[in-house]
Amino acid sequence: MSHNVRKIAHPALVIAGILLIASNLRAPITGLGPILDFISHDLGLSATQAGMLTTLPLLAFAIFSPISSGLARKMGLEPSLMIALVLIAAGIVVRSSGSTSMLFLGTCIIGVGIAIGNVLLPSLLKRDFPTQVPTLTAVYVLVMGIGSTLSSSSAIPLFNLAEKLHITAIPNWAFSLAGVIIFPALSILVWLPQLSGHTRPAADTADIDSHSYLWRSAAAWQVTIFLGLNSFIMYIFISWLPSILIDNGYTENQAGYIHGILQLSTAIPALVLIPLMAKMKDKRGMSVAMAVLSFVGILGLLFMPEHAIVWVIAFGFSCGGGFILGLSFVGIRTHDAHQAAALSGMAQCMGYLLAATGPIIFGSLHEMTGSWHVPLIMTAGVCVIWALLALFAGRSHVIIRTKSGKDIIIDDTEQQTHSHPHTDVHTEIQHLKAELQRITKERDQLKNTLENKQ
């Protein structure tokens, strides 16, 4: 639609803002894992309560992801993303106050802010950089990985620093958690200029964004479950990797270091996939490869834990690559920013709801069996399902709506280009006719208003 296209005055500043926002979308969560034992001991948390600290943000993602696209329709993308940053900053402050109730409340607030950012960044890319969605997606996932690496790797050093400085106002673990405030603080400063020139939603945005048909789309569900299984695996290891490593003879510092390597390895695929994403229209092979690599890494950690760094890099790379692919599917398989926001909201709502069960199921299996073998085998089995689903999610199909608006058609754009070369022109003509009708209607309404006043 014509009202979705705008000229960007300072694209470099917008991209810088996007990347800084991306740095906030994992770092506040990953910094929790290395110091979780200290928090549990200090506050007397049970294993279930400790696990909930990782699960709560995922539940917030699931609940608030569908609401995020509605927020953007009412306020615009730029102000909505600023709200996300403010919520993340506020959540970090609340979480770092040192009490159990504030710890859980702050974690929930952080989850809400990240949920909004997760949903709206792909939509912003689709609107402002429609021809660079795969590349910019890869770059901002790279920044997410770097941010989470810094957060995870600095958690123990910040904890030790608080002890050396004899800080008594808050616990050492709270000081460590507060360190990530640098991410939203810097992002807010850089994003502020975007608020003055943001594009307001068009008058017919609510009608355009009525995408309930996506919930009946097989393609939309393929993208949703693909992202869900990717996050299911990723958040299991974000939560439990330090404990697995310590039980296999690694020290707490070594476990924290390897946990940081996990975060960094999720960023490496961005460097590898940037030149490949634009060249490969059919991404099924690449998607299956990510699932297979994760499968190999998990089995390696299970049977040869002495080489944990190698296996952690393997499944970290696969999860990072799978996340890049899943987010790019949101842009590639939709027509415009409105549809992309709706699909992103659906995918992240249901995907993170599925992911939230991962750490709980994994921890429960460990408690039931007394070892890590059964939960790791279960996770490897999920990788097999993930690989099978990738054969469908990675296809070069675009989701479009029928004239009735009740059903959807899954259309292979490459095949369509060869067999129906005028389809895109015909579709654009229909869009232009609809836009002309809308403008004519508004003109008539304005004319009637002026006549009544006279």
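The structure holds 7 cavities of 30 Å³ or more, and I should say at once that we are looking at a predicted model. Let me take the second largest cavity, which encloses about 70 Å³ of space. Its lining includes Arg-26, Met-144, Thr-266 and Tyr-352. Also in this lining are Asn-230, Ser-231, Met-234 and Tyr-235, together with Cys-319, Gly-320 and Phe-323. Which helix gives the most to this lining? It is α11, with 4 residues. Both α11 and α14 supply at least two residues each. Sorted by class, the lining of this cavity has 6 nonpolar, 4 polar and 1 charged residues.

One of these lining residues, Cys-319, deserves a closer look. Is Cys-319 buried or exposed? Its relative accessibility is 3%, and therefore Cys-319 counts as buried. The closest cysteine sulfur to that of Cys-319 belongs to Cys-383, and because the two sulfur atoms are 7.2 Å apart, they are too far from each other for a bond. The cut-off for a disulfide is 2.5 Å between the sulfur atoms. By this rule, the count of disulfides in the model comes to 0. Another cysteine, Cys-108, has a relative accessibility of 31%, so Cys-108 counts as partly exposed.

I turn now to the helices. Helix α14 runs from residue 308 to residue 332 and has 25 residues. At 1.5 Å a residue, α14 should span 36 Å, and its end C-alpha atoms are 35 Å apart, which agrees. Helix α14 is mostly covered, with 21 of its 25 residues buried.

Helix α16, residues 373-393, can be checked in the same manner. For its 21 residues, 30 Å is expected at 1.5 Å a residue, and the reach from the first C-alpha to the last is 30 Å. Among the buried residues of α16 are Pro-375, Leu-376, Ala-380, Cys-383 and Trp-386.

Ala-380 leads us to another helix. Its C-alpha atom is separated by 8.9 Å from that of Gly-297, although the two residues are 83 residues apart along the chain. Gly-297 has its place in helix α13, residues 284-303. Gly-297 counts as buried, because its relative accessibility is 0%.

Next comes the second largest pocket, whose volume is about 240 Å³. How many residues line this pocket? There are 21, and those that lie nearest its centre are Gly-33, Leu-36, Asp-37, Trp-240 and Ser-243. Two or more lining residues come from each of α3 (36-43), α4 (47-75), α11 (218-247), α12 (252-277) and α15 (337-369). Here, too, α11 gives the most, with 5 residues. By class, the lining of the pocket has 9 nonpolar, 9 polar and 3 charged residues. The pocket draws at least three lining residues from domain 1 (9-202) and at least three from domain 2 (217-404).

I will end with a residue in a loop. His-166 is found between α7 (133-164) and α8 (172-178). What is notable about the phi of His-166? It is near 55°, a positive value in a residue other than glycine. Most residues other than glycine have a negative phi. His-166 has a relative accessible area of 65%, and therefore it is exposed.

Terms used: Residues are numbered from 1 along each chain as its sequence is written. This is a predicted model: local features need pLDDT of at least 70, side-chain atom pairs count only at pLDDT 80 or more; totals for chains, interfaces and linings use all residues. Side-chain values use heavy atoms; hydrogens and water are left out. The expected span of a helix is 1.5 Å times one less than its number of residues. Buried means under 20% relative accessible area, exposed over 50%, partly exposed in between (1.4 Å probe, protein chains only). On a 1 Å grid over the protein atoms alone, a cavity is a set of points where a 1.4 Å probe fits but cannot get out, and a pocket is an open set with protein on both sides within 12 Å along at least five of seven lines; lining residues have an atom within 4 Å of a point. Grid points are joined across faces, edges and corners, and a volume is the space filled by probe spheres set on the points. Ala, Val, Leu, Ile, Met, Phe, Trp, Tyr, Cys and Pro count as nonpolar, Asp, Glu, Lys and Arg as charged, and the others, Gly among them, as polar. Domain bounds come from an automatic or database domain assignment.
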